[in-house]
Amino acid sequence: SAGVSFADTPPLAVKDTYRVGFAQMESNNPWRIAETKSFHDTAKSCGWELIATDAAGSAAKQVADVDSMIAQGIDVLFLPPREEKPLLPAVMKAKAAGIPTFLIDRSVDSNIAQAGEHFVAFLGSDFIEQGNRAAEWLIDNFAGEKGVIVELEGTTGSSPANDRKKGFDDRILQDDRFEIVASQTGDFARDLGRQVMETLLQAHPDVNVVYAHNDEMAIGAIQALELAGRKPGVDITVVSIDGTRDALQAIIDGKMGVTVESSPFFGPLACDVMKKYAAGEKIPGWVKVEDRVFTIENAADHIDEAY
Ligand code: GZL
């Protein structure tokens with residue numbers, strides 16, 4: 001959208017310090033931990049009195065955490081909604097309480113809630129584009145005659161899982177060398193990714209490509225493959241998203257082909273956008289984060305900045 005009309009989203013006064021709600025969904029992987037640290041590291045320089053909660057993977061608890069922040073009184077809410085539909089009540093309650101909300105790293109069901117109306121903006125990557133780029137790398141670099149793909153999906157009902165699936169599937173199926181024989185959620189988690197990969201490997205021993213919606217599941221899949229005597233990077237191609245340290249190391253070790261970056265460092269961007277909004281600047285409904293692609297050509301150059 002062109003920008004936000006302030007009549008629709010609550011105003012935010014320019015202050016020296018802001019009571020800021022940050023309702024994190026979980027802390028079960030390096031990506032989440034890096035994002036939370038980014039907000040804490042930004043708080044002092046941005047004048048935030050940070051009220052941070054962790055919903056331990058429960059959308060319902062994340063909604064309850066937002067409720068309690070509203071009751072405590074916050075000036076602004078930064079919310080990474082775990083799932084597109086269950087977090088809608090949190091967005092609606094914050095708006096009703098006159099609290100400007102910025103969605104961080106994931107979004108909510110856009111049929112129900114829109115930027116500029118129910119929340120100020122979504123700050124995050126283009127997950128469809130990330131899926132496209134993962135598919136494009138595979139199309140350009142897969143040497144086999146036939147690509148038999150197993151897909152490890154992220155958290156069911158989350159915008160990155162929905163859009164990374166859409167972006168990848170739509171693109172890869174344009175190349176008739178490829179077939180997706182199974183697609184199942186590993187909830188963005190390493191151990192579940194490993195378990196799901198073990199099961200799918202039994203059912204599809206001919207698999208020679210794994211597409212994981214995030215590096216944690218990709219690393220879990222690599223563990224499963226090696227336990228089964230397969231050679232990731234040699235007899236099976238692994239394609240992933242995020243850009244964690246372990247993934248960059250797996251690329252350097254020749255076990256993973258590519259990881260499309262999905263940066264977790266939202267603290268500084270959230271500060272910048274919040275201050276612009278308070279100063280009366282128009283904020284686009286989607287503040288898009290640009291991502292890089294990490295392969296054997298550049299993984300070693302970026303591993304020191306990785307999380
Ligand atoms: C992406 C973020 C995803 C990461 C996963 O913005 O929502 O959640 O890609 C994380 O690693 O679990």
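# Aromatic pairs, cores and ligand surroundings

Phe266 has a relative accessible area of 2% and is therefore buried. In this account, buried means under 20% relative accessible area, exposed means over 50%, and partly exposed covers the range in between, computed with a 1.4 Å probe on protein chains only. The model is predicted, and residues are numbered from 1 along each chain as its sequence is written. Local features need pLDDT of at least 70 and side-chain atom pairs count only at pLDDT 80 or more, whereas totals for chains, interfaces and linings use all residues; side-chain values use heavy atoms, with hydrogens and water left out.

The aromatic residues offer a way into the fold. A pair of aromatic rings is described by the distance of the centres and the angle of the planes. Rings of Phe, Tyr and Trp (its six-membered ring) pair if their centres lie within 6.5 Å; planes under 30 degrees apart count as stacked, over 60 as edge-to-face, and the rest as tilted. This rule yields eleven aromatic pairs. One of them joins Phe22 and Phe39, which are stacked because their ring centres are 4.1 Å apart and their planes meet at 20°. Phe22 belongs to strand E1 (residues 18–24) and Phe39 to helix H1 (residues 30–46), so that this pair links distant parts of the chain, 17 residues apart. Helices (H or I, at least four residues) and strands (E, at least two) are DSSP runs, numbered from the N terminus. Both Phe22 and Phe39 are buried.

Phe266 takes part in another pair, with Trp31: the centres are 6.4 Å apart and the planes stand at 55°, so the arrangement is tilted. Trp31 lies in helix H1, while Phe266 lies in the loop between strand E10 (258–261) and helix H9 (267–278); the pair therefore ties together parts that are 235 residues apart in sequence. Trp31 counts as buried because its relative accessibility is 7%. Elsewhere, Phe22, Phe39, Trp48, Phe78, Phe102 and Tyr277 form one aromatic cluster.

Attention now turns to the nonpolar cores. In soluble globular proteins, nonpolar side chains tend to be buried together. A nonpolar core is here a set of buried Ala, Val, Leu, Ile, Met, Phe, Trp, Tyr and Cys residues joined through side-chain atoms within 4.5 Å. The largest has 29 residues, of which Leu152, Met197, Val210 and Met256 touch the most other members. Two or more residues are given to this core by each of strand E6 (147–153), helix H6 (190–203), strand E8 (209–212), helix H7 (215–227) and helix H8 (245–252). H7 supplies the largest share, seven residues. Contact means heavy atoms within 4.5 Å; leaving out residues up to four places away in sequence, Leu152 touches Gln184, Gly193, Val196, Leu200, Val210, Tyr211, Ala212, His213, Met217 and Ala221. A second, separate core has 28 residues, including Phe39, Phe78, Ala121 and Cys271.

Ala121 is also among the contacts of Thr101, which touches Leu77, Leu79, Ala94, Phe119 and Val120 as well, residues up to four places away not being counted. Thr101 is found in strand E4 (residues 101–104). Its relative accessible area is 1%, so Thr101 is buried.

The ligand provides a further point of reference. Asn29, Trp31, Arg32, Asp105, Arg106, Phe127, Pro160, Arg164, Phe188, Asn214, Asp242 and Ser262 surround it, a residue being near a molecule or strand if one of its heavy atoms lies within 4 Å of it. A polar side-chain atom of Asn29 is 3.2 Å from an oxygen atom of the ligand. For Arg164, an N or O atom of the side chain lies 2.9 Å from a ligand oxygen, and a polar side-chain atom of Asn214 lies 2.9 Å from an oxygen atom of the ligand.

Two of the residues around the ligand, Asp105 and Asp242, have backbone angles worth inspecting. Most residues other than glycine have a negative phi, and most peptide bonds are trans. Asp105, however, has a positive phi of about 65°, and phi of Asp242 is near 135°. Asp105 is found in the loop between E4 and strand E5 (121–125), whereas Asp242 is in strand E9 (residues 237–242). Asp105 is buried because its relative accessibility is 5%; Asp242, at 4%, is likewise buried.

The path returns to Phe266 through Val289, which lies in strand E11 (residues 286–289). Apart from neighbours within four places in sequence, Val289 is in contact with Gly124, Ser125, Asp126, Ser263, Phe266 and Leu269.

Key: Polar contact = N/O pair within 3.5 Å; in protein donor to acceptor, adjacent residues only side chain to side chain.
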